[in-house]
Structures are given as structure tokens and as C-alpha cells.
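Trainee: Can we go through some of the terms used for a protein model together? I'd like to hear how each label is earned.

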Amino acid sequence: METFECFKDLAIILIAAKLLGLLAKKLKAPQVVGQIVAGLLIGPSVLGIVDQSDFILTMAEIGVVLLMFSAGLETNMRDLVKTGPVALSIACAGVFVPLIFGYLLYSLFYGFAPIGSEKFFSGVFVGTIMTATSVSITVQALRELGHLKGRVGTIILSSAIIDDVIGIIVLTFVIGFKDTDAKPLDVVIKTLLFIGFSIVVGFLVYLLFKVLDKRFYHQRRIPIFGLVLCFAMAYCAEKFFGIADITGAYVAGIILCNLRDAEYIEGKMDISSYLLFGPVFFASIGLKTTFDGFTLDLLWYSLAFVAVALIAKVIGCGLVARLWKFNNKDSLKVGVGMMTRGEVALIVAQKGLAVGMISSQYFTSVILLIICSSIVSPVLLKLLYRGEDRTDLAPHEPHPDLDETEVMEE
């Protein structure tokens, strides 16, 4: 491809992603849904204006690495420690119940296969896609309802963060076992070695960044050094340990998440991701999505995939919350709050496509899940919180149901 063709493709992708993203926002859906649809419309499946190229694929890979780095930076380790075993157990159930349900769903549609076969790993990978939780939509819904800082809101937020960490670990193992030449013990050893490497390097790097952060607080060199760490960890994970590059990027974010400048670094990363790499990544999902071979059976599978993915989170997370003495209503809130899927589900699905674990047809199911969960979860949370007093009000903030006259009279 000629160099100037790359500029044309980028211009088309960015304007289409922006316009469709704004339209999705107007329709109360996540902007990423609009960006995916934009890629679908301009891609080979519909208009054929933009084709997949090595350049676009590389840009998309940088985009997904930056997204995972930002996700790591947004992690609040103090909240994780504070919520402790409750959030951990809910997160574990939120991973393993969907993982099992996803595998069973795929097997019921396409047949059970011997352990270790290609079809077996495809089923396990479908379950892995279901494990992801996107808490951003739930957070916004809880914030609007005034219950983000309540007991249930805090547990949902912490559980979702741990959920993604466990999900990335599961993804690492599944991709490792997919390699037919790799022995299970080798996969386990490489993963443990990477964890050890991350702990040692992470501790040393964190100490170094604390010194830099103290000396160059809120200066742009800190985000630049952070980006270097992101790419270096992504490279080391893939090159030396056979671990997905996105895992390395996520770990890099975790390493820096407790710095004073963590939010500043994340803000700088968000600029690059929001302006260029993020839209290219999400549009590339649409570019890869194809309707070739899309049959009535695949439609039924997609609908079942959405239903099972939503129900599995409610069952897994809700039941464990009940075991921790949450009442029935609060347990249901926890389950519903963990239902939403977003960027991480897409990232996992994209990684599966890259290593040949699923075909591009199944992106339709993932996109449908993101759309449905983004709509259903906030609506159900609003119904579950109906009639309850807000818990997040500031000391002098008027209640939203009172007008100014009533507040003055109080």
C-alpha cells in the first residue's frame, strides 16, 4: 500500500468513528458501539471504502495496548485492599460462572469436543469473552442514581476491577494452552515466571517512578516514561514469556496506579487514545466483522450468547453476594451491576481472532452483548434503586427531588 493511502484510510476512519460515536451517545449507548458500527459500514462487509491493512492492524494493536495500560492506571489498589475477600470472591464467581456457561453454550451449539482439541479451546475462549466486566457504564448509572459510594456501589466497583485482572490471567492461560506444541506445565511455568518478573521489576520501577514523580511532578516527562514502561512490558510479556502483550501493558498500569501522578499519566494517555488509537482500534473491530456465512443458526447462537452472558453474571456474582449476607435485593443489584460488557470484552475477542481461536463472524455476538448489556443494566439498576434515598449527596447538596423553595424551608 502507498503511504498516502494510509492517510486517506485514517481520515475516513476517524471522521466515521467520531460521527457514529456521537450518534451512539445521543441514543444513550456507549460511543465505542458507534465506532464499531462505523468500521462495519466503511469496511469490506458494507461500503468497502477502507480495507484492513498491516498499517491499520498495527495502529489498532497500539490502541489496544494503550487501552489496557489506561485500565491498569485506573485501578485503585487501596479500594481493592479495603473491600478484601468480599470483592475477591464476587469477582471470582463473576469470572468462573460465565466461563463455564460460555463453554457449555458453545458446546451445545457446535458439539462437545475432547479436551485439548481446537473446538474445545474455542468453547473455552467463548467463556473467556463472557468473563469481562465493563464497570464504566455501571459507575455512571450509580453516580446518576446517587449510590456510587454506598456499600453496594463500592463492592461492584472493586469486584469489577478484580474481575478484569482475573479475566486477563485466564486469557493468558487459554492462549498459552492453545499452542499445541506447548505443554501445560510449560504454560504454567511461563505464567508464574512472568508474575515473578512483574513483581520484581514492578517494585524497582515503582521506586524509581516515585523519585521521578517527586522531582518532576506534573511534568510531561512522567507520562513519556510511563509510556516507555507500557511498551517495554508489552514487548517482554510477548517475547520472553509467551504472554499476551495486553497483559504486559495492563501490568505496567498496575505498577504505576498508586503514584501521585497516576491520574495525570492516564489523562495524557487518554488524549492519544481518544484522538487516534482508540477510534482506530474499535473501528478495526468493525472492519474485521463479516457477515459471510452468517446463518440463522448463528443468529440464534448470538441471541443465546447475550442471554447466557447476562444471566451468568447475575447468578455468579449475586449468589456469592448473598452468601456474604447481602439481602436479596442488594445481591441482585451486585449481579446486575456486573452485567455490563465493553472494551475488555472486545479486546479479548480481538486477541482470540488474532491467534485463530474464533472467527470474525462471532464479533457480531460480542457487539450485540455490549449493546444489550449497556442498555439493560442501567435500566434494571434504576428499577432496583427506586424509592431509596440517595447516599452520595454532599453535606449541602439539595436533594434532586426538592426544588429550591423546599430546600430553603428546610
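Mentor: Sure, we'll take helix packing and then cavities, and keep in mind that this is a predicted model.

Trainee: Let's start with H2 and H11. Why are H2 and H11 called oblique to each other?

Mentor: Helix H2 (residues 31-42) and helix H11 (residues 262-288) pack at an angle of about 55°. Roughly parallel needs an angle under 35 degrees, and roughly perpendicular covers 65 to 115. An angle of about 55° fits neither range, so H2 and H11 are oblique to each other. Their axes are 6 Å apart, and H2 passes H11 in a right-handed crossing.

Trainee: Which residues in H2 meet which in H11?

Mentor: From H2 you have Val 32, Gln 35, Ile 36, Gly 39, Leu 40 and Ile 42. On the H11 side they meet Gly 278, Pro 279, Phe 282, Ala 283, Ile 285, Gly 286 and Leu 287. Sorted by class, that contact has nine nonpolar, four polar and no charged residues.

Trainee: I see glycines in there. What makes a glycine in this contact polar or nonpolar?

Mentor: Gly counts as polar in this scheme, so Gly 39 in H2 and Gly 278 and Gly 286 in H11 go in the polar group. Gln 35 goes there too, because Gln is on neither the nonpolar nor the charged list.

Trainee: Now H13 and H15. What makes H13 roughly antiparallel to H15?

Mentor: The axes of helix H13 (residues 328-337) and H15 cross at roughly 165° and come within 9 Å. That angle makes H13 roughly antiparallel to H15, because the label applies over 145 degrees. The crossing of these two is left-handed.

Trainee: And which residues of H13 and H15 meet?

Mentor: H13 brings Lys 329, Leu 332, Lys 333, Val 336 and Gly 337, which meet Ser 377, Leu 380, Leu 381 and Leu 384 in H15. The classes come out as five nonpolar, two polar and two charged. Lys counts as charged, so Lys 329 and Lys 333 are the charged pair.

Trainee: H3 packs on H11 at about 140°. Why is H3 called oblique to H11?

Mentor: Good one to check! Roughly antiparallel starts over 145 degrees, and roughly perpendicular ends at 115. About 140° falls between those limits, so H3 is oblique to H11. The axes of helix H3 (residues 54-73) and H11 are 7 Å apart, and H3 passes H11 in a left-handed crossing. Their contact has 19 nonpolar, four polar and two charged residues.

Trainee: On to the empty spaces. How many cavities of 30 Å³ or more does the structure hold?

Mentor: Two. The largest has a volume of about 50 Å³, and the second largest holds about 40 Å³ of space.

Trainee: What makes a space a cavity and not a pocket?

Mentor: A 1.4 Å probe fits in a cavity but cannot get out, whereas a pocket is open.

Trainee: Which residues line the largest cavity?

Mentor: Val 126, Ile 129, Tyr 301, Phe 305, Ile 358, Tyr 362, Ser 365 and Val 366. Helices H5 (118-131), H12 (296-323) and H15 (363-384) each give two or more residues to that lining. Seven of the lining residues are nonpolar, one is polar and none is charged. Tyr counts as nonpolar, so Ser 365 is the polar one.

Trainee: And which helix gives the most to the lining of the second largest cavity?

Mentor: H7, with four residues. That lining includes Asp 163 and Asp 164, and its classes are four nonpolar, three polar and two charged. Asp counts as charged, so Asp 163 and Asp 164 are the charged two.

Terms used: Residues are numbered from 1 along each chain as its sequence is written. This is a predicted model: local features need pLDDT of at least 70, side-chain atom pairs count only at pLDDT 80 or more; totals for chains, interfaces and linings use all residues. Side-chain values use heavy atoms; hydrogens and water are left out. On a 1 Å grid over the protein atoms alone, a cavity is a set of points where a 1.4 Å probe fits but cannot get out, and a pocket is an open set with protein on both sides within 12 Å along at least five of seven lines; lining residues have an atom within 4 Å of a point. Grid points are joined across faces, edges and corners, and a volume is the space filled by probe spheres set on the points. Axes are lines fitted to C-alpha atoms, for helices over the stretch in contact, and angles run from 0 to 180 degrees between N-to-C directions. A crossing is left-handed if the near helix is turned anticlockwise from the far one by less than a right angle, and right-handed if clockwise. Contact means heavy atoms within 4.5 Å.
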